[in-house]
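Welcome! Below are a few short exercises, each followed by a worked solution. Have a look at the molecule first, then try each task before reading on.

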Amino acid sequence: MELTADQVQALARRLLDAYDRRIEIPALTDEQPDISEADAYRIQRALLGLFRQRGARIVGKKTGLTSRAKQQAMGVPEAIYGYLVDTYLLRDPGPVRMAELIHPRLEPELAFLIGERLQGPGVTTAQVLAATRAVVPALEVIDSRYRNFKFRLADVVADNCSASRVVLGREEVSPDGLDLRLQGMVLEKNGEVVDTGAGAAVLGHPASAVAWLANKLAATGEALEPGDIVLPGAPCEAVFVQAGDEVRVTFDRVGSVTARVE
Ligand code: OOG
Ligand code: MG
């Protein structure tokens, strides 16, 4: 059964409290296993409303669980989306402060800077590329508010897809002339290669993940707007970090970004 407006607000406040106190909470579906995907997005919207009441601004959007590696690692075989808030944004090399977070992990993302409005339905990969001003190397910090980073689809959607920080690189490169499907990526932690990937790992093409998002947002009348920062999803699993670690991702022909964890 659909959650009442009061239940949605109460669950959003429970998540906000986990953010504020930097504590893990049990997955919402432990208590209410039948929360629907639609209700999960209602909780997410309520949570973002609470952030906005505190003055936060939405500066972009993210998709998640768009690669097989991520779906298998998290045990949720479906793409999801959420929003990026201004206070999440960091510039290379951060720092990413453990004291502000619960149990963060870092993952590589090729961020898209949107130049022209993309309103679904029917947005294509080619249209996304034409509307993209630049791509930027990024490291996303995900920090699930749930115990042991364990969740089901409804939980992770309600929790704004574990979004918590994004470290953006300084190189902004036009996607014209780049085949992002074939683009290689090397992920290093403390100078050692920990993973590698190619753009095609993300829904066949990272711009297809952005198109998926534009089309999904059409259901609520939203669009990708000029100036939006969009994360298409990580091509590989996230890495665990602790204070003192340095994580770096390098994207072929685009550049690299480093995150210092302290
Ligand atoms: C959910 C967020 C997934 C991605 O790039 O796949 C995500 C999580 O793994 O906690 O951001
Ligand atoms: Mg991500």
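**Exercise 1.** Which strands each supply at least two residues of the lining of the second largest cavity?

*Solution.* Start with the ground rules. This is a predicted model, in which local features need pLDDT of at least 70 and side-chain atom pairs count only at pLDDT 80 or more, while totals for chains, interfaces and linings use all residues. Residues are numbered from 1 along each chain as its sequence is written, chains are lettered from A and ligands numbered from 1 in the order in which they are written, and side-chain values use heavy atoms, with hydrogens and water left out.

Next, the terms. A cavity is a set of points, on a 1 Å grid over the protein atoms alone, where a 1.4 Å probe fits but cannot get out, and lining residues have an atom within 4 Å of a point. Grid points are joined across faces, edges and corners, and a volume is the space filled by probe spheres set on the points. Strands are DSSP runs (E, at least two residues), as are helices (H or I, at least four), numbered from the N terminus.

Now the result: the strands are β4 (105–114) and β7 (184–189). This cavity has a volume of about 90 Å³. Among its 13 lining residues, Leu110, Gly199, Pro206, Pro235 and Phe251 lie nearest the centre.

**Exercise 2.** Describe the largest cavity.

*Solution.* First, its volume is about 120 Å³. Second, 18 residues line it, with Lys62, Gly64, Leu65, Lys70 and Cys161 nearest its centre. Third, β1 (58–64), α4 (68–74) and β5 (132–142) each give at least two lining residues, and the largest share, three residues, comes from β1.

**Exercise 3.** Find the protein donors of the magnesium ion (ligand 2).

*Solution.* Donors are N, O and S atoms within 2.8 Å of the metal (3.2 Å for Na, K and Ca); water is not among the atoms, so sites may look incomplete. Glu107, Glu109 and Glu140 each donate through OE, at 1.9 to 2.1 Å from the ion. Their spacing in sequence is E-x1-E-x30-E. Glu109 in strand β4 and Glu140 in strand β5 link distant parts of the chain, 31 residues apart. Both Glu109 and Glu140 are buried (under 20% relative accessible area, 1.4 Å probe, protein chains only).

**Exercise 4.** Which atoms lie 2.8 Å from an oxygen atom of ligand 1?

*Solution.* Leu65 offers a backbone N or O atom at 2.8 Å. Lys70 offers a polar side-chain atom, also at 2.8 Å.

Note on methods
1 Å grid on protein atoms, 1.4 Å probe; cavity = no way out; pocket = protein on both sides within 12 Å on 5 of 7 lines; lining within 4 Å. Buried < 20%, exposed > 50% of the residue type's maximum accessible area, 1.4 Å probe, protein only. Polar contact = N/O pair within 3.5 Å; in protein donor to acceptor, adjacent residues only side chain to side chain.
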